[in-house]
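Visitor: I am new to this structure, and I would rather understand one part of it well than hurry through the whole. Please choose a single part and take me through it slowly, explaining each term as you go.

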Amino acid sequence: MDYNQYFSAALGRLHDERRYRVFADLERIAGRFPHATWHSPSGPRNVVIWCSNDYLGMGQHPKVVGAMVETATRVGTGAGGTRNIAGTHHPLVQLEAELADLHGKEAALLFTSGYVSNQTGIATLAKLIPDCLILSDALNHNSMIEGVRQSGCERQIWRHNDLAHLEQLLIAAGPSRPKLIACESLYSMDGDVAPLSAICDLAERYNAMTYVDEVHAVGMYGPRGGGIAERDGVMHRIDILEGTLAKAFGCLGGYIAAKGEIIDAVRSYAPGFIFTTALPPPICSAATAAIKHLKSSSWERERHQDRAARVKAILNAAGLPVMDNDTHIVPLFVGDPEKCKQASDLLLEEHGIYIQPINYPTVAKGTERLRITPSPYHDDGLIDRLAEALLQVWERLGLALHKKPLAAE
């Protein structure tokens, strides 16, 4: 039997649907972000990255790099084991304390990625609650969806940010049934924000727990970078906050923060935590340095919001189809998977601009887009060149221009 035919057929389907993904071989240059070297098929070329999740450029910050190098020199690289077997090293303990403080919670628990913290965190929490009903926002990230699925609990999907629908489901579940409301604070494809205060009101009224994914907001919003929940003054009302170290903090890893008993229960029962090697000491020290810096420095957040606002203003003035929102995400609507990929290729190959196409299943079919993420280091000249390049690509591909901003779907 030719087993390879199954894999060839699966890849063929992706090609036919115009959603086969091609990776760009990029080499970032510390001190020159957002500039990078693209190792193209024809050789190295300088490009500007416009779609990085290192939102604040903290991956190159001297404090962060210095902390990583110092710790690697002092204690070595790897953690040496799982948390239970020699892997609970001191930089990791310090990082968990820093995260608990950031979110005003009793404790925090580190995972190897934000994906794993959602996947294993939600599954473990829900399994420990008898007859738990999970109420999940329709646009939750795949990691949350997988966590819900793996919990084995009953789940109901509430329409995205639709408080009336959520309340209907809470009422139908009854006051005595355990309920877990799961949502994101900032949805990274449209850039819209959850009404966290109103969600907390419903949770308190109908006796539900709350689980909020802040991965695209930690470091970015709030006086100390605690996220949308801190900005909106509801951090203390949310039971479990989940975040990442791989975006605004420029490192690697995911975490949850909550009351001590909740964290201890997940620590004691979660397979995705128990059976995997701990994060390395240099990564933990670097993340701690990033968090400490952003707790006290608002320059990065303020400059970042200024840059995002300028990108939106320039692209809207040019008639480009920016999907409107109030956050740092700048989605540019295309609506066709093939043209979305062609636009990305033309920007990279002819203009030295790297923006990855966002196609199904990351977004719904027919809503394909380019997702632009400015940083504090994208200056006015880079923004103007981006607009000029996009206009040329739009004209070449026959894509529509608009006279006013599009509403995010």
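Guide: Let us begin with one residue and work outward: alanine 138 touches Ile157, Trp158, Arg159 and His160, leaving aside residues up to four places away in sequence, where touching, or contact, means heavy atoms within 4.5 Å. Before going further, please keep in mind that this is a predicted model, in which local features need pLDDT of at least 70 and side-chain atom pairs count only at pLDDT 80 or more, while totals for chains, interfaces and linings use all residues. Residues are numbered from 1 along each chain as its sequence is written, and side-chain values use heavy atoms, with hydrogens and water left out.

Alanine 138 sits in the loop that runs between strand β5 and helix α6 (142-151); helices (H or I, at least four residues) and strands (E, at least two) are DSSP runs, numbered from the N terminus. With a relative accessibility of 40%, alanine 138 counts as partly exposed, a class that lies between buried (under 20% relative accessible area) and exposed (over 50%), computed with a 1.4 Å probe and protein chains only. Along the chain, 23 residues separate alanine 138 from asparagine 161, yet their C-alpha atoms are 8.4 Å apart. Asparagine 161 lies in the loop between β6 and α7, and has a positive phi of about 55° although it is not a glycine. Beyond that loop, helix α7 (residues 163-173) holds alanine 164, which counts as partly exposed because its relative accessibility is 47%. The C-alpha atom of alanine 164 is 18 Å from that of leucine 133, and 31 residues of chain lie between the two positions in the numbering.

Stepping back into strand β5, we find serine 136, which is buried, with a relative accessible area of 4%. Serine 136 touches Gln156, Ile157, Trp158 and Ala182, again without counting residues up to four places away in sequence; Ile157 and Trp158 also appear among the contacts of alanine 138.

This brings us to the sheet itself. Strands of a sheet pair through backbone hydrogen bonds, either parallel or antiparallel. Here an open sheet of seven strands has the order β4-β10-β9-β8-β7-β5-β6, and its pairing is mixed; two strands are said to pair if DSSP finds at least two bridges between them. The edges are formed by β4 (107-111) and β6 (154-158), each of which pairs on one side only. From one strand to the next, the twist averages 20°, angles being taken from 0 to 180 degrees between N-to-C directions, with axes as lines fitted to C-alpha atoms, for helices over the stretch in contact.

Within this order, strand β9 (residues 240-244) runs parallel to strand β8 (residues 209-213), and three bridges join them. Tyrosine 211 has isoleucine 240 of β9 as its bridge partner, and valine 212 stands opposite leucine 241 in β9. Helix α5 (residues 114-127) packs on the sheet, touching β4, β5 (133-137), β8, β9 and β10 (254-258), and its direction makes about 160° with that of β9. Helix α8 (residues 196-205) also packs on the sheet, touching β6, β7 (179-184) and β8, with a direction at about 175° to that of β7.

Between α8 and β8 there is a loop that contains asparagine 207, another residue that has a positive phi, of about 60°, although it is not a glycine. Asparagine 207 is exposed, since its relative accessible area is 56%.

Strand β9 is mostly covered, for five of its five residues are buried. Ile240, Glu242 and Thr244 point one way from β9, while Leu241 and Gly243 point the other way, and all of them are buried. Turning from β8 to β10, we find that β9 runs antiparallel to β10 and is joined to it by four bridges; there, glutamate 242 stands opposite isoleucine 256 in β10. Thus β9 has a parallel partner in β8 and an antiparallel partner in β10.
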